[in-house]
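Subject: Structure for your review

Dear colleague,

Please find below the structure that I am handing over to you. The findings follow directly after it.

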Amino acid sequence: MHFISQELEDYIENHSQKEPELLAALNKETYQKILLPRMLSGHFQGRVLSMLSKLIRPKNILEIGTYTGYSALCLCEGMQENGILHTIDIKEELVDFQRKYFDKSPWGNQIIQHLGEAVDIIPTLDVQFDLVFIDADKENYLNYFELIVPKMNKGGIILSDNVLWSGKVLEPLQPNDSSTKILLEYNELLKNDSRIETVLLPIRDGLTVSRII
């Protein structure tokens, strides 16, 4: 679903920072070789992630849902010089693809890939995070949030992607649509949880910015 016209989306993208060459190459190869390329953050959202990271200046970043590595590289753009990004994904077939582009970037040695279920991996990470990006299976968003909050520094930021879910959050809930059900619960949680303050941005498929109080 397009929440604004394609012409306006094109105008917005054309009047935002140019997509870096490495990310443009990653974008192109993802569309050429990888299933479901729509999962890629892409130029505009990538620049949003980059800008937010540069404003936050995180030392430790956690990403849940690596896909082909585009968003991880965007988040690294604002990371402190000695920072580390941990990124988690379940798709073993994408690990080498991700690493190829990570190693072409300035942050190859600062990106740690984790393969497996995030609900199992997050508790093993002995790190306090300044920035977290949640962009994996929607049915675990509530679980991810509860695992992450104790590992956040005060003032840390949690970014949650796809929270508008192609507009399904406004449609009658179908009995077998567990992803939309969880996202509706998740959006209510972010709005009402006293540990955070939250704003939902209508960027692409919805991006929530939550700050640890």
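I begin with a residue in the interior. Y144 has a relative accessibility of 2%, so it counts as buried, the limit for that class being under 20%. Please keep in mind throughout that this is a predicted model.

**The aromatic rings**

Y144 shares helix α7, which covers residues 141-148, with Y141; the two are three residues apart, or about one turn of the helix. Y141 is buried as well, with a relative accessible area of 0%. A second helix is involved in the next contact. F145 and Y186 form an edge-to-face aromatic pair, with 6.2 Å from centre to centre and 85° between the planes. This pair links distant parts of the chain, because F145 belongs to helix α7 and Y186 to helix α8, and 41 residues separate them. F145 counts as buried at 0% relative accessibility, and Y186 likewise counts as buried at 0%.

How many aromatic pairs are there by the rule used here? The count comes to four. Y141 and Y144 make up one pair: their ring centres are 6.5 Å apart and their planes stand at 45°, so this pair is tilted. Ring pairs join Y141, Y144, F145 and Y186 into a cluster.

Two further rings have a charge placed over them. The charged end of K100 sits over the ring of F97, at 5.4 Å from its centre. The charged end of K104 is placed over the ring of Y101, and here the distance to the centre is 5.0 Å.

**The salt bridges**

The structure holds 10 salt bridges. In one of them, the side chains of K33 and E29 meet at 2.9 Å, N to O. Why are these two residues separated by about one helical turn? They are four residues apart in helix α2 (residues 21-33), and therefore about one turn lies between them. Their surroundings can be compared with the cut-offs for accessibility. K33 is exposed because its relative accessible area of 58% is over 50%. E29 counts as buried because its relative accessibility of 10% is under 20%. E29 and K33 are also linked with K100 in a network of salt bridges. K100 is thus a residue to look at twice, since its charged end also sits over the ring of F97.

The side chains of D103 and R99 meet in another salt bridge, again at 2.9 Å, N to O. Both residues lie in helix α5 (residues 95-104), four residues apart, which is about one turn of the helix. D103 is partly exposed, with a relative accessible area of 48%.

D193 forms a salt bridge with R195, and their closest N and O atoms are 2.7 Å apart. D193 counts as buried at 10% relative accessibility, whereas R195 counts as partly exposed at 31%.

**The surface and a loop**

Which residues form a nonpolar patch on the surface? They are F3, I4, L8 and Y11, and together they have about 360 Å² of accessible area. Of these, Y11 lies in helix α1 (residues 6-14).

L55 is placed in helix α3, which covers residues 42-56. L55 is exposed, with a relative accessible area of 66%. Its C-alpha atom is separated by 23 Å from that of A24, and the two residues are 31 apart along the chain.

The loop between β5 (152-161) and α8 (178-192) contains W165. W165 has a positive phi of about 50° although it is not a glycine, and it counts as partly exposed at 23% relative accessibility. S166 is found in the loop between β5 and α8 too. S166 has a positive phi of about 55°, although it is not a glycine, and it is partly exposed, with a relative accessible area of 22%.

**The chain as a whole**

The protein chain has eight helices and seven strands. Its C-alpha atoms fill a box of roughly 45 × 45 × 35 Å, taken along the principal axes. A compact globule of 213 residues would have a radius of gyration near 17 Å, and the 16 Å of this chain agrees with that. Of the 213 residues, 52% count as buried.

Yours sincerely,
A colleague

Note on methods
Residues numbered from 1 in each chain as written. Predicted model: local features only at pLDDT ≥ 70, side-chain atom pairs only at ≥ 80, totals over all residues. Heavy atoms only, no water. Buried < 20%, exposed > 50% of the residue type's maximum accessible area, 1.4 Å probe, protein only. Patch = residues over 30% accessible without salt bridge, like charges linked within 9 Å, V, L, I, M, F, W, Y side chains within 5 Å. Areas by Shrake-Rupley, 256 points an atom, 1.4 Å probe, with all protein chains shown as cover. Salt bridge = Lys/Arg side-chain N within 4 Å of Asp/Glu carboxyl O. Phe/Tyr/Trp six-rings, centres within 6.5 Å; stacked < 30°, edge-to-face > 60°. Lys NZ or Arg CZ within 6 Å of the ring centre and 35° of its normal. Rg over C-alpha atoms; globule rule 2.2 N^0.38 Å.
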